[in-house]
Amino acid sequence: MPRKIPPEEIVAEKVREIVSSGEGFMTQTHLLHEVRKALRKIDEDYAISPRRMRRIALKHGVKVDIEYRQTDRPLGKLKACPVCGSELKVIRNVTLDGGIVPFGVKCPLCGYWSGNPKRVPGKYVFHM
Ligand SMILES: [Zn+2]
């Protein structure tokens, strides 16, 4: 099946429309379903990944609440934000569950942060 990549402006417009018209809060699964439906009405071959949709939404003013899981894995070298793909900033003295860890990373765009060990995003809830 041929796949086409929808332009960013169209995705942003649809995401904003859907998030603001809905009940206000949408999980990523729900939003993705609605966005894909709206895109297919424009062009049957339009396809989008959850990751690209999330990045576009965040870049265009949609807010996201994130539930995190803590892993046993070390933070390591995390170059790009796992939520929105922005470049991460290294920060010192991160408070983690009431304690202080010597360093961590923070995303200037979406607010994702992690100390060591790594925090990974689990569930996403979008709102305006
Ligand atoms: Zn981010």
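Two residues count as in contact here if their C-beta atoms, placed from the backbone, lie within 7 Å. With that in mind, let us begin at one residue of this predicted model and work outwards. Leaving aside residues up to four places away in sequence, Lys63 touches His127 and Met128. Lys63 belongs to strand β2, which covers residues 63-70. Is Lys63 buried or exposed? Neither label fits: a residue needs 20 or more other C-beta atoms within 10 Å to be buried and 12 or fewer to be exposed, and Lys63 has 13, so Lys63 is partly exposed. Another link across the sequence can be seen with Tyr124: this residue is 61 residues from Lys63 along the chain, and the two C-alpha atoms are separated by 10.0 Å.

Now step back to the whole chain. Its secondary structure consists of three helices and six strands, and reading from the N terminus the elements follow the order α-β-α-α-β-β-β-β-β. The C-alpha trace spans about 50 × 30 × 20 Å along its principal axes. Of the 128 residues, 26% count as buried. If you take the contacts between residues at least 6 apart in sequence, 62% of them join residues at least 24 apart.

The domain assignment divides the chain into domain 1 (8-63) and domain 2 (69-120). Between the C-alpha centres of these two domains there are 26 Å.

Helix α2 is a good next stop. This helix runs through residues 28-42, 15 residues in total, and reaches 21 Å from its first C-alpha to its last, close to the 21 Å expected at 1.5 Å a residue. Which residues of α2 are buried? They are Leu31, Val35 and Leu39. Viewed down the axis of α2, the buried residues fall within an arc of 65°, so they line one face of the helix. The general rule behind such a pattern is that an α-helix has 3.6 residues a turn, so residues three or four places apart point the same way. Thr29, Lys37 and Lys41, on the other side of α2, are exposed. The cover over the buried residues of α2 includes α1 (8-21), β1 (26-27), α3 (50-59) and β6 (119-127).

Two of the strands just named lead us to a sheet. Three strands make up this open sheet, in the order β1-β6-β2, with antiparallel pairing. Its edge strands are β1 and β2, since each pairs on one side only. Between β1 and β6 the antiparallel pairing runs over two bridges, and here Thr27 stands opposite Val125 in β6. Strand β2 brings us back to Lys63, the residue at which we began.

Elsewhere in the chain, strand β4 (residues 99-106) pairs with strand β5 (residues 113-114) in the antiparallel sense, again over two bridges. Val105 has Ser114 of β5 opposite it. Together β4 and β5 form a hairpin with six residues between them, and Gly111 in the turn has a positive phi of about 90°. Further along, the loop between β5 and β6 holds Pro117. What is the form of the peptide bond from Asn116 to Pro117? The bond is cis, with omega near 5°. As background to these two backbone details, most residues other than glycine have a negative phi, and most peptide bonds are trans.

Note on methods. Residues are numbered from 1 along each chain as its sequence is written. This is a predicted model: local features need pLDDT of at least 70, side-chain atom pairs count only at pLDDT 80 or more; totals for chains, interfaces and linings use all residues. Helices (H or I, at least four residues) and strands (E, at least two) are DSSP runs, numbered from the N terminus. Two strands pair if DSSP finds at least two bridges between them. Domain bounds come from an automatic or database domain assignment. The expected span of a helix is 1.5 Å times one less than its number of residues. The arc is that of the directions from the helix axis to the C-beta atoms.
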